[in-house]
Amino acid sequence: MSNVFEFEGIDGMGYSQPELLIEKSKIKLPSDLVRKELPRLPLLSEPEVVRHYTWLSTRNFGIDTGFYPLGSCTMKHNPRVNEVIAAMPGIAELHPLQQESHQQGLLAILFEMQEMLGICAGMDTVSLQPVAGAQGEFTAIRCIQEYHKSIGEAHRNKVIVPDSAHGTNPASAAMCGYEIIEIPSREDGLLDLDALKSVVGDDTAAMMITNPNTLGIFEPEISKAAEIVHSAGGQMYYDGANFNAILGKTTPGLMGFDAVHYNLHKTFSQPHGGGGPGSGPIGVKSHLAPFLPTPLVSRRERKEIDDVGLEGDWWYVLIEPSNSIGKVQQWMGNVGAVVRCWAFYRRYGFQLEKMSEHAVLNANYLRHKIMNPESNALDAIPIMPSEGSEAKFCKHEFTISALPLKEQSGITAMDIAKGLLDKGYMAPTVYFPLVVPECLMIEPTETESKKTLDTFAKKFHEVLAEDYETLHKAPITTHVGRVNEVQAARTLVLKYEFEEQ
């Protein structure tokens with residue numbers, strides 16, 4: 001019986017190992033750690049292995065190979081200088097348990113990121129520990145939970161979320177044991193203050209919302225919403241997924257929020273996708289700061305050379321908040337991601353406001369190009385926000401409903417998305433947010449050129465001009481065709497199965 005592999009070396013002899021430096025008889029290992037048989041691996045030479053993985057890489061699509069308009073996920077260019085800095089030996093090879101005197105350079109970077117993130121969001125203290133937006137949500141809600149307990153209000157057991165919220169919002173609150181109260185949006189996609197007033201009370205722990213909201217619309221009455229929640233004794237939580245749209249223009253702190261998470265892998269360019277790596281720090285107002293995860297980076301003034309011979313004005317130390325909820329990740333979280341974002345901030349710090357301006361400009365431009373084509377292909381497709389609504393302009397992303405097209409010809413949002421794959425583009429987000437039927441959610445980001453957007457709009461219209469039969473078979477030019485998603489979900493294959501012969 002032998003393994004069947006797609007690629008195999010000549011006669012199974014594609015590699016060689018050097019002779020052992022120690023005689024086998026002298027190697028003492030516990031019997032339960034010794035293999036009973038050799039691992040079942042393809043026997044390939046190094047050139048064959050390199051060719052195989054290079055071949056695999058050509059089958060993948062990413063931001064480096066084409067336009068990636070994935071709504072809400074903010075897939076934008078990651079400057080390569082970020083990678084160079086993150087890979088420096090003094091950062092990449094530093095062990096987290098080395099003494100503080102060996103970590104001063106990295107701790108200075110982490111402290112600066114804490115300060116910068118706090119300022120740009122209007123928060124007082126920042127923890128860099130969470131490694132994803134959802135983990136940042138969970139961590140901040142836990143801080144809010146402990147805060148309520150500390151003031152004798154542990155009975156607050158409800159978290160309010162709008163129906164357009166990211167799915168991680170109610171999930172994160174539910175993981176903390178809260179009951180979720182969903183409130184509907186108005187027809188124009190904005191928050192319904194009357195609906196909010198009807199559900200707040202002395203059992204309200206917090207409200208979770210992003211602004212701009214998930215439809216790409218800025219909530220002009222967000223401060224009023226904060227007043228309603230605060231008057232009932234609740235806290236305001238800001239989902240930072242859409243922070244890319246407002247940086248330098250306003251802050252969650254000015255809007256009335258008490259806590260916020262940042263998606264460094266969105267706003268500050270840390271590359272993500274395929275499950276990571278991400279980084280989701282949280283910022284809080286001073287009354288929540290004692291409950292943050294441990295440790296935080298602090299600094300003290302140093303006026304003379306210290307006993308290890310290092311010069312500088314500051315000495316950086318790790319501290320523990322007085323009533324910390326503990327750790328949510330090892331050490332300081334995903335430090336490599338934080339360093340990449342620090343490099344981005346250091347390079348573009350004075351241009352971050354312009355970054356947001358360009359993100360909003362690109363989204364509105366592409367929205368106009370798609371909704372106002374030279375042909376009449378999209379005449380019947382409505383958009384949120386609607387042209388007659390108060391929120392006429394979107395922010396960094398926008399949503400389109402393909403429902404009328406589906407009713408007319410049977411073409412769905414999924415068909416359009418698959419058709420775009422055949423045009424050489426990553427598909428937009430589909431069927432999210434749920435409040436938009438047959439939803440396509442598009443985010444061009446600030447790093448794309450006008451030429452790229454014009455070409456994408458043209459190809460988008462070409463897809464819409466296709467007939468039902470053609471689009472329903474799409475994609476046909478990709479390495480993998482349309483997958484039966486229901487079957488894939490019900491019959492998951494989570495590990496490699498060897499074929500025997």
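**Exercise 1. Find where threonine 214 sits and what its side chain reaches.**

Threonine 214 is in the loop between β4 (204–209) and α8 (222–231); helices (H or I, at least four residues) and strands (E, at least two) are DSSP runs, numbered from the N terminus. Before going on, note that this is a predicted model, where local features need pLDDT of at least 70, side-chain atom pairs count only at pLDDT 80 or more, and totals for chains, interfaces and linings use all residues. Residues are numbered from 1 along each chain as its sequence is written, and side-chain values use heavy atoms, with hydrogens and water left out.

Step 1: check the cover. Threonine 214 has a relative accessible area of 0%, so it is buried (buried means under 20%, exposed over 50%, partly exposed in between, with a 1.4 Å probe and protein chains only).

Step 2: look for a partner. The threonine 214 side chain comes to 2.7 Å from the backbone oxygen of serine 164.

**Exercise 2. Work out which parts of the chain the salt bridges of lysine 76 and arginine 346 join.**

Step 1: recall the idea. Side chains of opposite charge can pair when their charged atoms come close. The cut-off here is a side-chain nitrogen of Lys or Arg within 4 Å of a carboxyl oxygen of Asp or Glu, and the structure holds 20 salt bridges.

Step 2: take lysine 76. Its side chain meets that of glutamate 446 at 2.9 Å, N to O. Lysine 76 is in the loop between α1 and α2 (80–86), and glutamate 446 is in the loop between β13 (439–442) and α15 (450–464), 370 residues apart. Lysine 76 is buried at 5% relative accessible area, and glutamate 446 is buried at 14%.

Step 3: take arginine 346. Its salt bridge is with glutamate 112, and the closest N and O atoms are 2.8 Å apart. Arginine 346 belongs to helix α11 (residues 335–348) and glutamate 112 to helix α4, so the pair ties together parts 234 residues apart in sequence. With 53% relative accessibility, arginine 346 counts as exposed.

**Exercise 3. Trace the network around arginine 186 and aspartate 188.**

Step 1: start with the pair. The side chains of arginine 186 and aspartate 188 form a salt bridge of 2.9 Å, N to O.

Step 2: compare their cover. Arginine 186 is partly exposed at 28%, whereas aspartate 188 is buried at 15%.

Step 3: extend the pair. Salt bridges with shared partners join Arg186, Asp188, Glu221 and Lys224 into one network.

**Exercise 4. Describe the geometry of two aromatic pairs.**

Step 1: set the rules. Rings of Phe, Tyr and Trp (its six-membered ring) pair if their centres lie within 6.5 Å; planes under 30 degrees apart are stacked, over 60 edge-to-face and the rest tilted. The whole structure has 11 aromatic pairs.

Step 2: classify phenylalanine 61 and tyrosine 68. Their centres are 5.8 Å apart with 45 degrees between the planes, a tilted pair. Phenylalanine 61 is partly exposed at 26%, while tyrosine 68 is buried at 12%.

Step 3: classify tyrosine 147 and phenylalanine 291. This pair is edge-to-face, with 6.5 Å centre to centre and 75 degrees between the planes. Tyrosine 147 is in helix α5 (residues 133–150) and phenylalanine 291 in the loop between β7 (282–284) and β8 (296–301), 144 residues apart. Tyrosine 147 is buried at 17%, and phenylalanine 291 is buried at 6%.

Key: Polar contact = N/O pair within 3.5 Å; in protein donor to acceptor, adjacent residues only side chain to side chain.
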